[in-house]
Amino acid sequence: MKRVSIKIRWFTSLLLMAFIMSTVLAVPPPAQASSKDKVALAKGTVYATNMYIIRSGKPGPVVMIVGGVHGNEPAGYIAAGRMINTEIKKGTLIVLPRANNRAVEHKVRYYKGHGDLNRDFPTSKYGSADGTLAKAIWSMVKKYDVDYLMDMHEGYNYAKLQSSSSVGQSLIYYPTGYFRSTVSSIVYKLNSNISTNYREFSLLRYPARGSLSRAAGQYLGCKSFIFETCTKQTLSTRLYYQQKAAKTLLSKLNML
Ligand SMILES: [Zn+2]
């Protein structure tokens, strides 16, 4: 009898040990790793350009930052290029720094043989984008189900000056949902350090029809805006504003 009870006790403790070991050694479900990928858009064509996908590995918004839609607006494509190195703590950041790569290389608004890229996006709900490049960009916005889109541009004069039709120093958004409070706070933050009235950023509505920002806002429900600096200021100031606006957006979304 004693022998049997020792055997039972031995067996019980063995089971207990096995249970403890299995708990200690249990492998937690694999967390999604953070990653950075480079994807070639319009690969193999004259429009080929790189897009970067920075994944935090944690759920959160998908934000897309675009530069170089117009090749003669350097603060846009340089600032976008710098965003590639942003570290995010949640969601996904997609950066397309040189959307119209050939125009950027030639420092022109758009390169010969191709019209204004910012008029090539759909102008109706089921419409399609025009041309290889706009088609490639538009398919990415849809594929990654972009929640927020910032398109970096520049104007030649200040939007606040009545004499000018330029939209330099402005944020032009597509009003959807409660997006106004987000874009207002970006403009407010930038203006808090600007002492000259006409140099302040204006908050404007409705990006032009056919623009990436307008199409994404109107037809995909994306919270999108065009951000314009003014080329009358130094490049370093313009880069500061572009990056500050992008980072304020990411901070508002708790991604930084
Ligand atoms: Zn532009």
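This report walks through a predicted model, from its overall make-up to its helix packing and a few single residues.

**Ground rules and overview**

Residue numbers start from 1 along each chain, following the sequence as written. The model is predicted, with local features needing pLDDT of at least 70, side-chain atom pairs counting only at pLDDT 80 or more, and totals for chains, interfaces and linings using all residues.

The protein has seven helices and eight strands; these are DSSP runs numbered from the N terminus, with helices being H or I of at least four residues and strands being E of at least two. Buried residues account for 39% of the 256 residues. Buried here means 20 or more other C-beta atoms within 10 Å of the residue's own, exposed means 12 or fewer, and partly exposed is in between, with C-beta atoms placed from the backbone. Take the contacts between residues at least 6 apart in sequence: 70% of them join residues at least 24 apart. A contact means that two C-beta atoms, placed from the backbone, lie within 7 Å.

**Two helices against α7**

Helix α7 (residues 235-252) packs with helix α2 (residues 74-82) at an angle of about 55°, the axes being 9 Å apart. That angle makes α2 oblique to α7. For reference, angles under 35 degrees count as roughly parallel, over 145 as roughly antiparallel, 65 to 115 as roughly perpendicular, and the rest as oblique. The axes are lines fitted to C-alpha atoms, for helices over the stretch in contact, and the angles run from 0 to 180 degrees between N-to-C directions. The crossing of α2 past α7 is right-handed, meaning that the near helix is turned clockwise from the far one by less than a right angle. On the α2 side the contact uses Pro74, Ala75, Gly76, Ile78, Ala79 and Arg82, and on the α7 side Leu235, Arg238, Leu239, Gln242 and Gln243. Those contact residues of α2 and α7 split into six nonpolar, three polar and two charged. In this scheme Ala, Val, Leu, Ile, Met, Phe, Trp, Tyr, Cys and Pro are nonpolar, Asp, Glu, Lys and Arg are charged, and the others, Gly among them, are polar.

Helix α5 (residues 179-191) also meets α7: their axes come within 10 Å and cross at roughly 135°. That makes α5 oblique to α7, and α5 passes α7 in a right-handed crossing. Here α5 brings in Thr182, Ser185, Ile186, Lys189 and Leu190, while α7 offers Tyr241, Lys244, Ala245, Thr248, Leu249 and Lys252. The residues of this α5 and α7 contact come out as five nonpolar, three polar and three charged.

**Helices α4 and α6**

Helix α4 (residues 131-143) has 13 residues, which should span 18 Å at 1.5 Å a residue, and its end C-alpha atoms are 18 Å apart, so the two agree. The expected span is 1.5 Å times one less than the number of residues. Buried in α4 are Leu133, Ala134, Ala136, Ile137, Trp138 and Val141. Their cover includes β1 (35-41), β3 (62-66), β4 (92-96), β5 (148-155) and α6.

As for α6, seven of its nine residues are buried, namely Leu212, Ser213, Arg214, Ala215, Ala216, Gly217 and Gln218. Covering them are, among others, β3, α4, β5 and β8 (223-230). Just after α6 comes Gly221, with a positive phi of about 70°.

**Single residues**

Most residues other than glycine have a negative phi. Ala42 is not a glycine, yet its phi is positive, about 50°. Asp145 follows α4 and has a positive phi near 50° too.

Here is where four residues sit and how many C-beta atoms surround them:

| Residue | Location | C-beta neighbours within 10 Å | Class |
|---|---|---|---|
| Ser211 | loop between β7 (202-205) and α6 (212-220) | 25 | buried |
| Thr92 | strand β4 | 23 | buried |
| Ala42 | loop between β1 and β2 (49-55) | 17 | partly exposed |
| Asp145 | loop between α4 and β5 | 11 | exposed |

Leaving out residues up to four places away in sequence, Ser211 touches Asn118, Arg119, Phe121 and Ile226. Ser211 and Thr123 are 88 residues apart in sequence, with their C-alpha atoms 8.6 Å apart in space.

With that same exclusion, Thr92 touches Ile53, Ile54, Arg55, Ser56 and Val62. Thr92 and Asp147 are 55 residues apart in sequence and 9.9 Å apart in space, C-alpha to C-alpha.
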